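User: I am new to reading protein structures and would like a close look at one part of this one, namely its aromatic ring pairs. Please explain slowly how they sit in the strands around them.

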Amino acid sequence: MSAMRSLALLTLTAALVGAAVTTTGADNRAFLGRWNLTGTGTDSNAVFWLELKEENGQLSGTFLNRGGSPVKLASVEVKGDELVFTTVAPEGRPGQTFRAKRKGAGLEGSTTAGEQTLAFTGTRPPSWPAANANATHSYGKPVELFDGKSLDTWNLQIPNRPSGWSIVDGAMTNEAKANNLVSKQTFKDFKIQAEYRIESGSNSGIYLRGRYELQVLDDFGKAPESHGHMAIYAWVAPRVNASKPATEWQVMEAVLVGNKVTVTLNGQKVHDNATIQAITGGALDANETQPGPIMLQGDHGKVWYRKVTVTPIVKAGT
């Protein structure tokens, strides 16, 4: 073989290798970033969140399953045009593997758990416009979601299961493993005020737009953390622990504008125009720019709510 032919062959080989590296990199980049994942058909209540990063050529991922907190993935890779990732195995069970491909601007994929296959689609979270929860807003008429007498303003998250809620001494209270209450009315930007008390060791949650949980928890005297009372669950810890002891009535107020929220608990500011980073575990859907309901968790511990008032913002301040 002549030196010229050898040089030409070497140049061609290098070009092909370079093209392969570029293609692989492009495939990885197509999946990087954050995704809201939603089940299709009868699984439309399955809502997940995913973030993929690449550092020094290595992919890594964080995944929020249908409930709980975002956790690191056990493995993630791109095989050709397909993204494959697996969750960390729970004790005594295998991890769950998800597969997805790009479709237009989004994702389309599936996962199998036991004999059940769940199909899902993926969309990018919204790019939120600038907002200020602390601005001077124009408010509409307050909406009372509880009048002390009935549950008429609420639906059940799982309609074919018993409610598990009753009214005792003018407060809504739940039995063990009760349904979650979902307001019939939906809201976009608003102020919410609630009064409640919780049993010792118990917890609940107030979901804004049905997507972002403010944790309700008996954690009096403990250090603030991202799962504490009035945390933006698993994302942002409260600035201070403003909890009262269990069984005492507590008062919260939150102002939500876009993806910004200011929250006070028992008169102390625990979030100051904080950024809501993503949906939280248990979100009803991932349609983040749309109005959504208020959801009260009843499937955890014992809680009493005697006031839930939502005042819509008709014009947000700047």
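Analyst: What follows begins with the whole chain, moves to the aromatic pairs, and then turns to the strands.

This is a predicted model, and its protein chain has a secondary structure of one helix and 23 strands. Taken along the principal axes, the C-alpha atoms fill a box of roughly 95 × 50 × 35 Å. Of the 318 residues in the protein chain, 43% are buried. If we take the contacts with a separation of 6 or more, 58% of them are between residues 24 or more positions apart, a point to keep in mind when we come to the rings.

How many aromatic pairs are there? The count comes to nine. One of them is formed by W49 and W235, whose rings are 5.0 Å apart from centre to centre, with 80° between the planes, which makes the pair edge-to-face. An angle over 60 degrees is what earns that description. W49 belongs to strand 2 (residues 47-55), while W235 lies in the loop between strand 18 (212-217) and strand 19 (250-257), so this pair ties together parts that are 186 residues apart in sequence. Are these two residues buried or exposed? Buried means a relative accessible area under 20%; W49 has 1% and is therefore buried, and W235, at 16%, counts as buried too.

A further pair is made by F98 and F120, whose ring centres are 6.0 Å apart and whose planes meet at 55°, so this pair is described as tilted. F98 is found in strand 7 (residues 97-103) and F120 in strand 9 (residues 116-123), so here the parts tied together are 22 residues apart in sequence. Both residues are buried, since F98 has a relative accessibility of 0% and F120 has one of 2%. These two phenylalanines also belong to a cluster, in which ring pairs link F48, F63, F85, F98 and F120.

It helps to see where the strands just named are placed. Strands 2, 7 and 9 are among the nine strands of an open sheet, which has the order 4-3-2-1-9-8-7-6-5 and antiparallel pairing. The edges of this sheet are strand 4 (71-72) and strand 5 (75-79), each of which pairs on one side only. Strand 5 is joined by five bridges to strand 6 (residues 82-86), and the two run antiparallel; within this pairing, S75 stands opposite T86 of strand 6.

For another view of strand pairing, we can look further along the chain. Strand 13 (residues 165-168) pairs with strand 14 in the antiparallel sense over four bridges, and W165 has N174 of strand 14 as its bridge partner. These strands form a hairpin with two residues between them, where D169 takes a positive phi near 50°. Strand 14 (residues 171-174) has A171 and T173 pointing one way and M172 and N174 pointing the other way, and all of these residues are buried. Strand 14 also pairs with strand 23 (residues 303-315), again in the antiparallel sense, over two bridges, and there M172 has Y305 as its bridge partner.

Note on methods: Residues are numbered from 1 along each chain as its sequence is written. This is a predicted model: local features need pLDDT of at least 70, side-chain atom pairs count only at pLDDT 80 or more; totals for chains, interfaces and linings use all residues. Side-chain values use heavy atoms; hydrogens and water are left out. Buried means under 20% relative accessible area, exposed over 50%, partly exposed in between (1.4 Å probe, protein chains only). Contact means heavy atoms within 4.5 Å. Two strands pair if DSSP finds at least two bridges between them. Rings of Phe, Tyr and Trp (its six-membered ring) pair if their centres lie within 6.5 Å; planes under 30 degrees apart count as stacked, over 60 as edge-to-face and the rest as tilted.
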